[in-house]
Amino acid sequence: MTRPVDDAVIRQLQESLGRLSMRASVVASNLANVDTPGYRAQRVRFAEELGKVGGLEMSRTERGHLAPKTSGPTRATVYEAAASRVRQDGNTVDVDQEMTALAAVQGRYNAATQIVRKRLALMRYAVTDGKG
Amino acid sequence: MSLQRAFAISATGLTAQRTRMETVASNLANARTTRTPEGGPYRRQAPVFAAEPLSVSFDDTLGRVLRSVQVQRIAQDDSEPLLRYEPGHPDADAAGFVAYPNIDPVKEMVDMLSATRSYEANVTVVRSVKDMGQHALQIIA
């Protein structure tokens, strides 16, 4: 697909933003159910995070160097969080852990949007002949 | 947009905790109520929370495991009323005992604090997600 601005970095960040907002929804789900008896805290894991970098080619100077796999659709796996403690009603939501996770997601999301902004600013600079 | 979903889930959490707060208010207000439409003293109320799946499209992996929280019903605490000897009371029985609701103010206070904290946790999520959305909007600014 050709986009007006087809940039590998921006594409990666777009995916990243999608994944981070998924993480935020999982935290929202866990915290909404902080008082629901029997609710098990959820976590989400993405296949891409295991070293898959699509569109960003690494240079290979040795035959033994591994090529990064190309990126497929994001595959999200949701699993039950390892319970640090289980309440008497069977609920495993740990508010501290959820808050930390939320802070991390927020920070990474903001960082990613910042990089997209800078990247676009660079492009604007280029297309306006250094006047943008 | 996936951020909307986080808002929707947290909103159910806010509603649930607010309902809990309302039952605490009702319990404390009626701690000494001896007459009810159903007859007898007031009975302690407690909400029952249930994790409910969201309504999502079929191929949405994440959407199928996310849970909103709903107040399934308001349960009634049917523990025995407290009997106090007050012969002069209009609702006293033949032996002079009045049946008062079995409400422990300390328990209600603890419940209230717990509801407040859980409410705050949900507000924090809403704030963080809102902040994320604002940053996303700044991309084009």
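Which residues of the largest nonpolar core touch the most other members? In this predicted model, they are Ala24(A), Val27(A), Ala28(A), Leu31(A), Val105(A), Ala6(B) and Val125(B), out of a core of 33 residues. Two or more residues of this core come from each of helix H1 (8-32) and helix H2 (95-127) of chain A, and from each of helix H1 (2-29), strand S1 (45-53), helix H2 (61-65) and helix H3 (105-137) of chain B. H1(A) supplies the largest share of the core, nine residues. Within chain A, Val105(A) touches Leu20(A), Arg23(A), Ala24(A) and Val27(A), when residues up to four places away in sequence are left out.

## Chain A

Chain A contains two helices and two strands. Read from the N terminus, these elements follow the order α-β-β-α. The chain has 132 residues, of which 26% count as buried. Among the contacts in chain A with a separation of 6 or more, 72% join residues 24 or more positions apart.

Two pairs of residues in chain A may be set beside these totals. Gly18(A) and Tyr109(A) are 91 residues apart along the chain, and their C-alpha atoms are separated by 9.3 Å. Met123(A) and Gln88(A) are 35 residues apart in sequence, and the C-alpha to C-alpha distance is 56 Å.

Gly18(A) belongs to helix H1 of chain A. This residue counts as partly exposed because it has 15 C-beta neighbours inside 10 Å. Met123(A) is part of helix H2 of chain A. With 14 C-beta neighbours inside 10 Å, Met123(A) therefore also counts as partly exposed.

Asp129(A) is located in the segment after H2 of chain A. Because Asp129(A) has 7 C-beta neighbours inside 10 Å, it counts as exposed. The phi angle of Asp129(A) is near 60°, a positive value in a residue other than glycine. Most residues other than glycine have a negative phi.

## The contact between the chains

Each chain contributes to the contact: 31 residues come from chain A and 31 residues from chain B. On the side of chain A that touches chain B, two or more residues come from each of H1, strand S1 (42-46), strand S2 (76-80) and H2 of chain A. H1(A) gives the largest share of this side, twelve residues. By class, the side of chain A that touches chain B comprises 19 nonpolar, ten polar and two charged residues.

One helix pair across the contact is H1(A) with H1(B). Their axes are 8 Å apart and pack at an angle of about 5°. The two helices are therefore roughly parallel to each other. From H1(A), the residues that meet H1(B) are Gly18(A), Ser21(A), Met22(A), Ala24(A), Ser25(A), Ala28(A), Ser29(A), Leu31(A) and Ala32(A). Their counterparts in H1(B) are Ser2(B), Leu3(B), Arg5(B), Ala6(B), Ile9(B), Ser10(B), Thr12(B) and Gly13(B).

A further pair across the contact is H2(A) with H3(B). The axes of H2(A) and H3(B) come within 9 Å and cross at roughly 10°, so these helices are roughly parallel to each other. H2(A) takes part through Val95(A), Met99(A), Leu102(A), Gln106(A), Tyr109(A), Asn110(A) and Thr113(A). H3(B) takes part through Ala121(B), Thr124(B), Val125(B), Ser128(B), Asp131(B), Met132(B), His135(B) and Ala136(B).

## Helix packing inside chain B

Inside chain B, the axes of H1(B) and H3(B) come within 9 Å and cross at roughly 160°. This angle is over 145 degrees, so H1(B) is roughly antiparallel to H3(B). The crossing of H1(B) past H3(B) is left-handed.

The residue classes of the three helix contacts are set out below.

| Helix contact | Nonpolar | Polar | Charged |
|---|---|---|---|
| H1(A) with H1(B) | eight residues | eight residues | one residue |
| H2(A) with H3(B) | eight residues | six residues | one residue |
| H1(B) with H3(B) | 15 residues | seven residues | four residues |

## Residues shared by core and helix contacts

Several names recur between the core and the helix contacts. Ala24(A), Ala28(A), Leu31(A) and Ala6(B) are among the core residues that touch the most other members, and these four also take part where H1(A) meets H1(B). Val125(B) is likewise one of those core residues, and it belongs to the contact of H2(A) with H3(B). Tyr109(A), whose C-alpha atom is separated by 9.3 Å from that of Gly18(A), is one of the residues that H2(A) gives to its contact with H3(B).

Key
Residues are numbered from 1 along each chain as its sequence is written. Chains are lettered from A and ligands numbered from 1 in the order in which they are written. This is a predicted model: local features need pLDDT of at least 70, side-chain atom pairs count only at pLDDT 80 or more; totals for chains, interfaces and linings use all residues. A nonpolar core is a set of buried Ala, Val, Leu, Ile, Met, Phe, Trp, Tyr and Cys residues joined through C-beta atoms within 7 Å. A residue is buried if 20 or more other C-beta atoms lie within 10 Å of its own, exposed if 12 or fewer, and partly exposed in between; C-beta atoms are placed from the backbone. Two residues are in contact if their C-beta atoms, placed from the backbone, lie within 7 Å. Ala, Val, Leu, Ile, Met, Phe, Trp, Tyr, Cys and Pro count as nonpolar, Asp, Glu, Lys and Arg as charged, and the others, Gly among them, as polar. Axes are lines fitted to C-alpha atoms, for helices over the stretch in contact, and angles run from 0 to 180 degrees between N-to-C directions. Angles under 35 degrees count as roughly parallel, over 145 as roughly antiparallel, 65 to 115 as roughly perpendicular and the rest as oblique. A crossing is left-handed if the near helix is turned anticlockwise from the far one by less than a right angle, and right-handed if clockwise.
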